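Biologist: Please set out the structure below, so that it can be discussed by question and answer.

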Amino acid sequence: MSALLALALSGAAPAMVVIDEATTVREEAPPHGAIGLSTAYRISDVIPAPRSFEFRKRALHVGAAIGVHPIDHDEIYYVLSGTGVVHSDGEEKELKAGTAAWLYKGAKVGIRQTGHEPLVLIIAYPNKATAQ
């Protein structure tokens with residue numbers, strides 16, 4: 001049994017968890033519409049429950065998008081590289097490296113890649129299991 005699993009089963013939280021994103025990577029269609037292809041780094045998936053938020057990295061390949069969908073929590077898209085357009089309740093804004101979109105609970109949101117290189121994002125939001 002791994003030390004992480006043993007702590008999770010005991011109910012005690014570890015002092016920290018260090019994750020190499022390379023251990024979480026997979027190629028898949030983006031969520032909410034399967035528009036194009038993406039490289040997903042499901043970083044927080046390796047953290048034992050309960051956890052208070054999700055933390056992910058996603059590279060939207062050329063032409064890919066996370067389709068417009070309603071959110072029941074605040075969500076942040078932070079752009080590491082590439083360009084894209086974020087959508088929230090009918091409004092659209094361009095994004096580039098170093099910009100962040102803070103999206104609010106109750107909005108219908110999505111993001112699409114633009115340009116000639118993948119749009120690489122960090123996405124963070126509260127975990128439904130523990131969101132207040």
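The exchange that follows treats the fold, the sheet, the core and a few single residues.

Biologist: What pattern does the protein chain follow along the sequence?

Modeller: The model is a predicted one. Its secondary structure amounts to one helix and ten strands. Read along the sequence, these elements give the pattern α-β-β-β-β-β-β-β-β-β-β.

Biologist: Among contacts between residues at least 6 apart in sequence, what percentage join residues at least 24 apart?

Modeller: The protein chain has 132 residues, of which 34% count as buried. Its accessible surface comes to about 7700 Å², and carbon and sulfur atoms hold 59% of that surface. For the contacts in question, the share that joins residues at least 24 apart is 59%.

Biologist: Which strands are the edge strands of the open sheet of six strands?

Modeller: The order in this open sheet is S1-S2-S3-S10-S5-S8, and the pairing is antiparallel. An edge strand pairs on one side only, which applies to S1 and strand S8 (100-103). On average, neighbouring strands of the sheet are turned by 20 degrees against each other, direction ignored. The edge strands are therefore S1 and S8.

Biologist: Which residue in S8 stands opposite Ile76?

Modeller: Strand S5 (residues 75-81) and S8 run antiparallel and are joined by four bridges. Side chains alternate along S8: Ala101 and Leu103 are buried and point to one face, whereas Ala100 and Trp102 point to the other and are not buried. The residue in S8 opposite Ile76 is Trp102.

Biologist: Which strand supplies the largest share of the largest nonpolar core?

Modeller: In soluble globular proteins, nonpolar side chains tend to be buried together. Here the largest nonpolar core has 16 residues, and those touching the most other members are Leu60, Tyr77, Val86, Leu103, Ile111 and Leu121. At least two residues each come from S5, S8, strand S9 (108-114) and strand S10 (119-126). The largest share, three residues, comes from S10.

Biologist: Which residues are in contact with Val86, leaving aside its neighbours within four places in sequence?

Modeller: Val86 is one of the core residues that touch the most other members. Tyr77, Leu103 and Ile111 are listed with Val86 in that group, and each is in contact with Val86. The full set of contacts is Tyr77, Glu91, Glu92, Lys93, Leu95, Ala101, Leu103, Gly110 and Ile111.

Biologist: Is Lys57 buried or exposed?

Modeller: Lys57 is placed in strand S3 (residues 53-60). Its side chain makes a polar contact of 3.2 Å with that of Glu21. Beyond neighbours within four places in sequence, the contacts of Lys57 include Thr39, Tyr41, Leu80 and Leu121. Because its relative accessibility is 15%, under the 20% limit, Lys57 counts as buried.

Biologist: Which residue has a side chain joined to that of Ser44 by a polar contact of 2.6 Å?

Modeller: Ser44 is found in the loop between S2 and S3. With a relative accessible area of 4%, Ser44 is buried. Leaving aside neighbours within four places in sequence, Ser44 is in contact with Arg51, Phe53, Glu54, Phe55 and Arg56. The polar contact of 2.6 Å joins its side chain to that of Glu54.

Biologist: How far apart in space are Pro50 and Ala13, C-alpha to C-alpha?

Modeller: Pro50 lies in the loop between strand S2 (38-41) and S3. At 67% relative accessibility, which is over 50%, Pro50 counts as exposed. Pro50 and Ala13 are 37 residues apart in sequence, and their C-alpha separation in space is 9.3 Å.

Biologist: What is the approximate phi of His32?

Modeller: Most residues other than glycine have a negative phi. His32 is in the loop between strand S1 (25-28) and S2, and is partly exposed with a relative accessible area of 44%. Although His32 is not a glycine, its phi is positive, at about 60 degrees.

Biologist: What value is the phi of Ala34 near?

Modeller: Ala34 lies in the loop between S1 and S2. Ala34 is a residue other than glycine, yet its phi is positive. The value is near 50 degrees.

Note on methods. Residues are numbered from 1 along each chain as its sequence is written. This is a predicted model: local features need pLDDT of at least 70, side-chain atom pairs count only at pLDDT 80 or more; totals for chains, interfaces and linings use all residues. Side-chain values use heavy atoms; hydrogens and water are left out. Buried means under 20% relative accessible area, exposed over 50%, partly exposed in between (1.4 Å probe, protein chains only). A polar contact is a pair of N or O atoms within 3.5 Å; within protein, one must be able to donate a hydrogen and the other to accept it, and residues adjacent in sequence count only if both atoms are side-chain atoms. Contact means heavy atoms within 4.5 Å. Accessible areas come from the Shrake-Rupley method with a 1.4 Å probe; for residues, only the protein chains shown count as cover. Two strands pair if DSSP finds at least two bridges between them. Axes are lines fitted to C-alpha atoms, for helices over the stretch in contact, and angles run from 0 to 180 degrees between N-to-C directions. A nonpolar core is a set of buried Ala, Val, Leu, Ile, Met, Phe, Trp, Tyr and Cys residues joined through side-chain atoms within 4.5 Å.
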